[in-house]
Amino acid sequence: MNLIPIYTENKRAHKYTIYVDIHTNYTYRIDHNSDMNQTGYWISFFAILAFMRSLQEISYTFTSMGKTIVVIAVILVGIILGGLVYKKMIPKEIREIYLTQTMIEDYIRRGRKLIKQDIWIAVISLIIFLILIFLFLVTSSFVLLTFAQFSFILFIAFMQRLPKERFALYKKSSQLSDQND
């Protein structure tokens, strides 16, 4: 299955994404549950806080080659973890929905407006990553490196939502709507 996200509804009462399989033209819906375990949230929050505090005390001096190796490692780990985070964002409870071609085209048209949000999040997270990596190269701060890692993971996860097939689908839909007008 090669699922392409065509529309995401992210309102308080309804959170779901509609995907289309470009090979079969079947459509699927994934409901996003926002029920987060509060205990798990607070435990992870304080664990991350303690981890970040411990990183402040670590100060190593790296050679320029050492910094280069660290940055390459951050990028490689970010690519792997970003792909895993994206796959984790797609729950196992995916269900096929039956939409008419008109409904699919309507969702694609509405989704074309929402793709800008995905692009902006990806671009901003990449810019933040680059700034933090530059600051790491200057200061050798592990805190900056950790935030750079999180930013890069976010960038990779959102890049997974932007395959070239999605843009081709939007372009094809745009051409069809121009012909109908």
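**Exercise 1. Which residue forms a salt bridge with Asp31, with the closest N and O atoms 3.1 Å apart?** Then work out what else Asp31 is linked to.

*Solution.* Before starting, keep in mind that this is a predicted model.

- Step 1. The partner is Arg95, whose closest N atom and the O atom of Asp31 lie 3.1 Å apart.
- Step 2. Place the two residues in the chain. Arg95 belongs to strand 4 and Asp31 to strand 3, so this pair ties together parts that are 64 residues apart in sequence.
- Step 3. Look for another partner of Asp31. Its side chain also meets that of Arg29 in a salt bridge, at 2.8 Å from N to O.
- Step 4. Put the pieces together: Arg29, Asp31 and Arg95 are linked in a network of salt bridges.
- Step 5. Check how open the network is to the surface. The partly exposed class runs between 20% and 50% relative accessible area. Asp31 has 29% relative accessibility, so this residue counts as partly exposed. Arg95 has 42%, and therefore counts as partly exposed too.

**Exercise 2. Describe how strands 2, 3 and 4 are joined, and name a bridge partner for Tyr19 and for Arg29.**

*Solution.* Let's walk along the chain.

- Step 1. Strand 2 covers residues 15-21 and strand 3 covers residues 27-31; five bridges pair them in the antiparallel sense.
- Step 2. Tyr19 has Tyr28 of strand 3 as its bridge partner.
- Step 3. Now look at the turn. Five residues sit between strand 2 and strand 3, which form a hairpin, and Asn25 in that turn has a positive phi of about 65°.
- Step 4. On to strand 4, residues 94-97. This strand runs antiparallel to strand 3, and four bridges join the two.
- Step 5. Arg29 finds its bridge partner in strand 4, namely Arg95. Both of these arginines also appeared in the salt-bridge network of Exercise 1.

**Exercise 3. Does the end-to-end distance of helix 2 agree or disagree with its number of residues?** Then find what covers the buried residues of helix 2.

*Solution.*

- Step 1. Helix 2 takes in residues 64-89, which is 26 residues; at 1.5 Å a residue, the expected span is 38 Å.
- Step 2. The end C-alpha atoms of helix 2 are 36 Å apart, which agrees.
- Step 3. Next, pick out the buried residues of helix 2. They are Gly66, Lys67, Val70, Val71, Val74, Gly78, Gly82, Gly83 and Tyr86.
- Step 4. Their cover includes strand 1 (3-10), strand 2, helix 3 (101-139) and helix 4 (142-160).

**Exercise 4. Which element gives the most residues to the nonpolar surface patch?** Then examine one member of the patch, Trp120.

*Solution.*

- Step 1. Find the patch. Its members include Ile119, Trp120, Val123, Ile124, Phe134 and Phe167, and the whole patch has about 1000 Å² of accessible area together.
- Step 2. The main contributor is helix 3, with 10 residues.
- Step 3. Trp120 has its place in helix 3. Its relative accessibility is 56%, so Trp120 counts as exposed.

**Exercise 5. Are Asp118 and Arg166 buried or exposed?** Also say what joins them.

*Solution.*

- Step 1. The side chains of Asp118 and Arg166 meet in a salt bridge, 3.0 Å from N to O.
- Step 2. Asp118 is in helix 3 and Arg166 in helix 5 (residues 164-180), so the pair ties together parts that are 48 residues apart in sequence.
- Step 3. Buried means under 20% relative accessible area. Asp118 is buried at 6%, and Arg166 is buried at 3%.
- Step 4. For the wider count, the whole structure holds five salt bridges.

**Exercise 6. Which residues is Ser151 in contact with, leaving aside its neighbours within four places in sequence?** Finish with an overview of the chain.

*Solution.*

- Step 1. Ser151 lies in helix 4, and at 8% relative accessibility this serine counts as buried.
- Step 2. Its contacts, with those neighbours left aside, are Ser125, Ile128 and Phe129.
- Step 3. Zoom out. The protein chain has five helices and four strands, in the order β-β-β-α-α-β-α-α-α from the N terminus.
- Step 4. Of its 181 residues, 34% are buried.
- Step 5. Taking contacts between residues at least 6 apart in sequence, 70% join residues at least 24 apart.

Notes. Residues are numbered from 1 along each chain as its sequence is written. This is a predicted model: local features need pLDDT of at least 70, side-chain atom pairs count only at pLDDT 80 or more; totals for chains, interfaces and linings use all residues. Side-chain values use heavy atoms; hydrogens and water are left out. Two strands pair if DSSP finds at least two bridges between them. The expected span of a helix is 1.5 Å times one less than its number of residues. Buried means under 20% relative accessible area, exposed over 50%, partly exposed in between (1.4 Å probe, protein chains only). Contact means heavy atoms within 4.5 Å. Patches are made of residues with over 30% relative accessible area and no salt bridge: like charges are joined within 9 Å, nonpolar side chains (Val, Leu, Ile, Met, Phe, Trp, Tyr) within 5 Å. Accessible areas come from the Shrake-Rupley method with a 1.4 Å probe; for residues, only the protein chains shown count as cover. A salt bridge is a side-chain nitrogen of Lys or Arg within 4 Å of a carboxyl oxygen of Asp or Glu.
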